[in-house]
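Walk me through this structure, from its core to its pockets. Begin with a single residue and work outward.

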Amino acid sequence: MSTQTSSGTELKKGRLGVFGIVFFVVAASAPLVGMTGAVPVAMLAGNGAAVPGTYLAVGLTLLLFSVGYAAMSQKVTNAGAFFAYVGRGLGTNMGVGSAFTSILTYVTIQLAIYGFFGGLVAGTAAGYLGIDLPWYVWSILAWVVVTGLSLMSVDVGAKVLGVFLVLELAALLTVAGAILFSGGPSGIDFVASFDPAAILAGGFTGAAGIAIAFALASFIGFEATAIYGEESANPKKTVPFATYWAIGIITALFAIVSFAMVTGYGMAIVEDETYGEVPALVSALLNVTAIDGVPLANPAALLFDLTATYVGPWLVSVMEILVISSLFAGLLAFQNAGSRYFFALGRGGVLPAALGKVNGRGAPQGGVFATSALALIVMVAFAIAGLDPILNLFFWMSSITAVSVMAVEILVSIAIFRFFRKEGGGNVWKTTIAPLASAVLLTGGMYLVMARFNLLSGLAAEGVDPSLPESSFALSPLGWFLVLLPFITLVVGYIAAVINTKENDNLVKDLVS
């Protein structure tokens, strides 16, 4: 297995196998963070006990997308996978436009995690260690370590993520196993969680749509499998297997653990002192997660309460640390993904050539520096402005990511269909039915995320309750700018490609290589 590079613009070959890529992708989804953050919110604001079925449905939709995605990976191997696929199917100009949006995706999700990491560690350090430092100090310390690791050989990062991920999965599955084995207070109820009628309760503009939006956001990062194709031993086999494994693991994990959370409380009707007769799960969501009477002020408390009850307080202490390591793993995974996009665009001539260089370890150093510089600038700006690391940096940036990643996935699905229509090859299922079906379903998903952007980001119009069905698209001016930002970057990238003919020619050569 060769690991040599032939020039300063090639990533090292053969560094990653299927599971090395899977580590990057599953770590990027930060399962423990999703269970302690997104899942409780989706349950209370969304379709309640049917959240496990919602994650399963979303996972199956993304598997449909992956059918065409895997077929395309047989034809194109490029560190900027999405833009290469779009470029081959819809033309170089649209490919460059999608690349700009992809960069926005990875930069914003990394910024969101930096905000969450800084806010969480600041609170933990002050509470447990008596070290009271601002959030941005912890975020910048993580930034230094992440930048250093991303400048090393990619397999080093995979090993680091592997350790974090195994511990994280072990903790989650231990809790889920303990709950499901006991059967919970009212038994296991598959119908409440997986019946299609329960999943769709409240409609796409109401409860079901809110849950779907949160579920879609939890899968961000799965598409990064193809980004590591150039560094894998056999990309034509490695990328498809890694894609299916990654989506399968993320889907199963969220569905099983969230189902265990539902089972742990049960759906039996109880008398709540404040809210009257409600299902036990709802009562827990309203009370266990509340701070000063405000529900969901501490959503992590839901899983931690179940852990203490069914396993023991000792695992709660472990999981509090693992949440931090989960965030760090996500930072490293998205740093690697974003830097490879900058690298591919620099090598292709769209961005300065310095971004398309690798260091002696085969890491895309130009892309690493660009990704890190952007993150640092934005974090410093938020710190100077006195904005909150979680309410502002995390929620604003992660909401942008949810829209931008689906916008690009829709373009990729259409591009795959167009590519195989022009070039031939593949069967009808892989090259036509699956890509077109995924484009339709993802468009519906993106609509739901945009409609609920005010709830996801906290940027509702003044006087609007974003949890109500009639509040769809009721956004503040800043909310409208952020929700449209992915499409603005798409247009900017397209125009940049049209204007610069020389760069366009260089990119064509890179796309067809």
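Leaving aside its neighbours within four places in sequence, which residues is Met319 in contact with? This is a predicted model. In it, Met319 touches Leu32, Ala171, Leu172, Val175, Leu303, Phe304 and Thr307.

Met319 also belongs to the largest nonpolar core, which has 145 residues. Met43, Met319 and Val412 are the members that touch the most others. In soluble globular proteins, nonpolar side chains tend to be buried together.

Now step back to the whole chain. Its secondary structure comes to 21 helices and two strands. The radius of gyration is 22 Å, close to the 24 Å that the globule rule gives for 513 residues, so the chain is as compact as a globular protein of that length. The C-alpha trace spans about 70 × 55 × 50 Å along its principal axes. Of the 513 residues, 58% count as buried. Take the contacts with a separation of 6 or more: residues 24 or more positions apart account for 75% of them.

Next, the empty space. Rolling a probe the size of a water molecule over the atoms shows where such space is left. The largest pocket holds about 1400 Å³. Its lining counts 50 residues. Gly37, Phe116, Pro299, Phe394 and Phe395 lie nearest its centre. Which helices supply at least two residues each to this lining? They are α2 (31-36), α3 (38-45), α6 (92-129), α11 (207-218), α14 (300-310), α15 (313-348), α17 (389-423) and α19 (453-457). The largest share, eight residues, comes from α6. By character, the lining divides into 33 nonpolar, 15 polar and two charged residues.

The second largest pocket holds about 310 Å³. It is lined by 17 residues. Nearest its centre lie Leu104, Val107, Thr108, Met397 and Leu485. Here α6, α16 (365-385), α17 and α20 (477-499) each supply at least two lining residues. Which helix gives the largest share of this lining? Again the answer is α6, with six residues. The lining of the second largest pocket divides into 15 nonpolar residues, two polar and no charged.

Finally, put the two pockets side by side. Helix α6 gives the largest share of the lining in each. Helix α17 also supplies at least two residues to each lining. Charged residues number two in the lining of the largest pocket, and the lining of the second largest has none.

Notes:
Residues numbered from 1 in each chain as written. Predicted model: local features only at pLDDT ≥ 70, side-chain atom pairs only at ≥ 80, totals over all residues. Heavy atoms only, no water. Core = buried A, V, L, I, M, F, W, Y, C linked by side-chain atoms within 4.5 Å. Buried < 20%, exposed > 50% of the residue type's maximum accessible area, 1.4 Å probe, protein only. Contact = heavy atoms within 4.5 Å. 1 Å grid on protein atoms, 1.4 Å probe; cavity = no way out; pocket = protein on both sides within 12 Å on 5 of 7 lines; lining within 4 Å. Points joined across faces, edges and corners; volume = space filled by probe spheres on them. Helix = DSSP H or I, 4+ residues; strand = E, 2+ residues; numbered from the N terminus. Nonpolar A, V, L, I, M, F, W, Y, C, P; charged D, E, K, R; others polar. Rg over C-alpha atoms; globule rule 2.2 N^0.38 Å.
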